[in-house]
Every structure is written in structure tokens, then in C-alpha cells.
Amino acid sequence: MSAGNIRDDALDPAHRFVSMPLHVLNPDGSRGLARRQCTSEYKISPLKKTARELLGYPHPRRVPRGVYVEQAIGISTDEFTRAKDSGVRYLRNVFPLIDLGWDRTRCADYLAERGFGETVKSACVGCLMWNLSWLGCQFMITVQWERYPLVDQHPEGRRWLQFTANIGRAWNTVDAYGRAVDDHLAFCLTIGTSPEAARPDVVAAWIGDMHQRPNRNGGVGLANSTIQVRIIGVRSFYDFLVEEGIRERNPVRRGQSSRRGGQARQGLVRRVEKAPWIPNDHAWDRILRACEHEPVRNRLMVTFAYDGALRREELVSLEPGDLEPAWSLIHLRAETTKSKRAREVSFGTTSAQLLVAYLRQRGELFGRVDSGLFLSESRRNRGEPLGRSSWSKIVTGVAKRAEVPQLSTHTFRHLRLTDLARAGWSIDEIAQYAGHRDLSTTLKYIHLSGRELAAKLHKATRSLQADRERRLAALVEAW
């Protein structure tokens, strides 16, 4: 690969692979691991901001001495002149390959010995910052292998799951994929085959087995959503085997949308999509009455979650600097959103009043804190940003008091988007407000009741119905 192609590959915005970790080091010697992506988006200037965010200090001068982020860079000995300090007090560069004394040839030989073949400089699968784990290098994303014993014992399965973790998949995704492939490997052992030799009929038999297993509710068959997630995880595993040249084809068939008016191709298992629950006016009033007994912080979180149609991660990741009270706006940073796209949402008068009250209370309790907006008041984590699980517990408590067990953290988002549809917003406007890339996703979030649909139908057909009645009146005149 030419130097130009390597450069183009590195700058390709579609190649958002995590190839270099960042370590947060504290004065007491403790170390925390945080992942980042390696593309032009994360060159030195944006990386300064990323490092400050990891440390929890939005302004450079507020980063205390002795606290810094350590960045591992894969420069070998034949590029020694490129090994330079970051020039930023709180951002340090380390060069593991130079510490090992490896040149480019030694790196390529090392990867070839372990089945990577000829590896170009910009290859993410063969990135030495991850594959040095055989030497005990501490730059790997930790995987809880005890949860997936069969994957751990399968060489290619272990490589695939480690790679999945390294490229920045969420922990829940890694865990779901690991359990899916572990289950598939167990089935393959039962029938005496292996993933390397499994045919599509083996995959079909595995799916049939999942449909026949007893579930925890006393019924038969795993939930459709569980089966779907497991199929996706196993398909990803087989994709990896195909890319590595271990298999010629992936035995897990994909579904395809229709093209040029053709018939859509179904996946292996038809997806069952249930409409999320939306509270009616009576249930919503009970929820709000239950929220009246919550602290001002929790009440503000409820109104923000509804006003901005915020996801759980977006809500708990808010910082004071993300708010623009003069315009009643919330700026959602790209790194906190599911789609990795920044957007702006608004909040109403009630939220504005609660915000003033909460910021006053927050200042009295914690003083000036520049980290998260919503801070914990518990003894164990006092002053720390509130986590996702804490917000889930708050909503669970509200649901219990309101006697509305269907209430979840996502209910506020569903209700807000549905209310926007009721207000006459277009599907494109709602998608932009929700931060959806695909309009089909937005359609799943918009639920109009049967009463509302009947009213729309009556309004649309009113003139037509009047004409029908006029014509039918002739029957009365004839009598």
C-alpha cells in the first residue's frame, strides 16, 4: 500500500476504529482506562479537549499538577524521530514499540507469526497496540472472560471478542455478543461440529433449539429479541472467520430490504416489533403526582428527559456548560449520543424554574463543580456525576409509587416524540430532534392512540361523508 493510500485510509471518516487507548493517571498512582478512536478527528487539538473531558476538567488551567492522560502511540524504532512529547502538560505520549526495541520488520514478523499475514501500517485488526497482549502489554480493553468460558477456550473466538471490544463497541454489546457465541459454541459441541465446519443447517438447528428451550417465565422458547441479538452476535463472529480466511462463506443469512420494487428478503428469524408503552393522560397524571415527592434534582431530570426526548446516557452526561438558559437550549455533545452526532433540543418553562432552584441547591451542597450537571448526594459517591443505574433506580421508584410498572427511562422520550407528532411536526423534524439517522427508527417512536387516529380519519373524510349522505338521502325521498 502506498503512502498516499495509507494516509487516505487513516483520514477516512468511516474508519472510526479504536486503536490506541488513553490511560488516566492520578497523583496517587492509580490508573483508569478510557477508549478513544484513531482518525483525523482525534489529532492533537481535539485530543486536548478529549483529555480534559476524561479528567473532568473542561479548562486547561484547572487540571491539577500530577494528573494527566497517557496516550500509547505505535511508532517503531525506524521512526524514532517521530517520537515526540505531546507538548501538553496533562497529555503524555508513550511508545511501547520503541521501549521493546522493535523496528517495522520485527513488528510485521510478529504479526505474521500470529496469523495476521502481511499487515500494512494502518491496519486496525493487526494493530500492535492491541496485539501486544501476548507480551503482557496493558493496553488491551478488558474482557470478562469468565462469562464466556467456551469463547475463551476457542482461539478464534477469543480473538474476535477481543477485537470487538477494542474497536469501541459498548460493554453491553460485547457482553451480548460473547454470550451469544458462547451459546452457539455449546450447541456445536453438543452435535459434534465446530464453527469452522458448520453449515447453514447447523445454524438453523441452533435457532430451532432456542425456540424450544424453557424460559424463565415457565413457557417455551427464548424471547424474539434475545434470539435476534444472538443471531447478530454469531453472524459477526462468522464474518470475522470469513475475513480471516478460515471460512469461505458466512452461514448466517442476512435479511435485505427490497430494491427497485423487488421483494424484501427476510432474515433467518422474523423480527417481532412491539410498540413501546405510552402513558395515557390518567397514567401521566399519576406519574407526575409521584414525582412531586422527589428532590428538585430528580424532578429536573424528569422534565429534561421529557422536554429534550433524552436517552438515559444523554441525560446523565449533561454538564452545566451544555445548557444555554437564555434560549432554553440543551447542547448534546456528539460523544454522549447514540448516533455520535451533536444536536440541540429545548426545554420548557417548568424545566427552567426547576433548573434555577437546582443550581442554587447544587452550589450550596457542592460549591462550584465543573463536572456533571446532576451530582450524587450519597455518602459513597458524594459530588460525583450521577450514573445511568442511579437514574434507572429513580424512575423505578417513581413507577412503583405511581403504580405504573410500565414506566421506564425511555418512556419520557417516547411520549415527547409522540407529542411532537400530535402537534403536527413532520417526520423529518422529529427525526432531527430525536437524533435519528434513519426515518424508519423515528416511526417506531411515534404512537397515536386509536381515539386520535379515529379523529384524524373523521376529519379527513368529513367532506366525502357529507357527499355520501346527500346521495343516500335520495332513498328517503323515493319512499
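User: How many aromatic pairs does a search of the whole structure find?

Analyst: The model is a predicted one, and a search of the whole structure finds 11 aromatic pairs.

User: Why is the pair of Tyr358 and Phe374 called tilted?

Analyst: The ring centres of Tyr358 and Phe374 are 5.8 Å apart, and rings pair if their centres lie within 6.5 Å. Their planes stand at 35 degrees. Stacked requires under 30 degrees and edge-to-face over 60, so the pair is tilted.

User: What makes this a pair that links distant parts of the chain?

Analyst: Tyr358 lies in helix H14 (residues 349–366), whereas Phe374 lies in the loop between H14 and helix H15 (388–402). The two are 16 residues apart. Both Tyr358 and Phe374 are buried.

User: Why is the pair of Trp425 and Tyr433 called edge-to-face?

Analyst: The angle between the planes of Trp425 and Tyr433 is 90 degrees, and over 60 degrees counts as edge-to-face. The distance from centre to centre is 5.7 Å, which satisfies the limit of within 6.5 Å for a pair.

User: Are Trp425 and Tyr433 buried or partly exposed, and how do you know?

Analyst: Trp425 has a relative accessibility of 35%. Buried means under 20% and exposed over 50%, so Trp425 counts as partly exposed. Tyr433 has a relative accessible area of 7%, so this residue is buried.

User: Which residues do ring pairs link into a cluster?

Analyst: The cluster consists of Trp160, Tyr177, Phe237 and Tyr238.

User: How do you know that Asp307 has no salt bridge?

Analyst: The nearest side chain of opposite charge to Asp307 belongs to Arg416, at 4.8 Å. A salt bridge requires a nitrogen within 4 Å of a carboxyl oxygen, therefore Arg416 does not form one with Asp307. Asp307 is nevertheless buried. This residue belongs to helix H12 (residues 296–307).

User: What does the side chain of Asp307 reach, and which residues is Asp307 in contact with?

Analyst: The side chain of Asp307 reaches the backbone nitrogen of Gly348 at 3.0 Å. Beyond its neighbours within four places in sequence, the contacts of Asp307 are Ser346, Phe347, Gly348, Ser351, Arg416 and Tyr433.

User: What makes the phi of Ala309 worth noting?

Analyst: Most residues other than glycine have a negative phi. Ala309 is not a glycine, yet its phi is positive, near 50 degrees. Ala309 is placed in the loop between H12 and helix H13 (312–316). With a relative accessible area of 0%, Ala309 is buried.

User: Where is Ser328, and is it buried or partly exposed?

Analyst: Ser328 is in the loop between E5 and E6. Its relative accessibility is 22%, and buried means under 20%, so Ser328 counts as partly exposed. Ser328 also has a positive phi, about 55 degrees, although it is not a glycine. The hairpin of E5 and E6 has four residues between the strands.

User: How do you know that strands E5 and E6 pair?

Analyst: Two strands pair if there are at least two bridges between them. Two bridges join strand E5 (residues 323–324) to E6, and these strands run antiparallel. Glu324 has Leu329 of E6 as its bridge partner.

User: How many bridges are there between E6 and E7, and what stands opposite Leu329?

Analyst: E6 and strand E7 (residues 343–346) pair over four bridges in the antiparallel sense. Ser346 in E7 stands opposite Leu329.

User: How do you know that the side chains alternate along E6?

Analyst: In strand E6 (residues 329–332), Ile330 and Leu332 point to one face and are buried. Leu329 and His331 point to the other face and are not buried. In a regular strand the side chains alternate between the two faces of the sheet.

User: Why does Glu294 count as buried?

Analyst: The relative accessibility of Glu294 is 12%. Buried means under 20%, so Glu294 counts as buried. Glu294 is found in the loop between helix H11 (281–291) and H12.

User: What makes the link between the side chains of Glu294 and Asn298 a polar contact?

Analyst: The distance given for the side chains of Glu294 and Asn298 is 2.7 Å, and a polar contact requires N or O atoms within 3.5 Å. Leaving out residues up to four places away in sequence, Glu294 touches Arg299, Ile394, Val398 and Arg401.

Technical notes:
Residues are numbered from 1 along each chain as its sequence is written. This is a predicted model: local features need pLDDT of at least 70, side-chain atom pairs count only at pLDDT 80 or more; totals for chains, interfaces and linings use all residues. Side-chain values use heavy atoms; hydrogens and water are left out. Buried means under 20% relative accessible area, exposed over 50%, partly exposed in between (1.4 Å probe, protein chains only). Lys and Arg count as positive and Asp and Glu as negative; His and the chain ends are not counted. A polar contact is a pair of N or O atoms within 3.5 Å; within protein, one must be able to donate a hydrogen and the other to accept it, and residues adjacent in sequence count only if both atoms are side-chain atoms. Contact means heavy atoms within 4.5 Å. Rings of Phe, Tyr and Trp (its six-membered ring) pair if their centres lie within 6.5 Å; planes under 30 degrees apart count as stacked, over 60 as edge-to-face and the rest as tilted.
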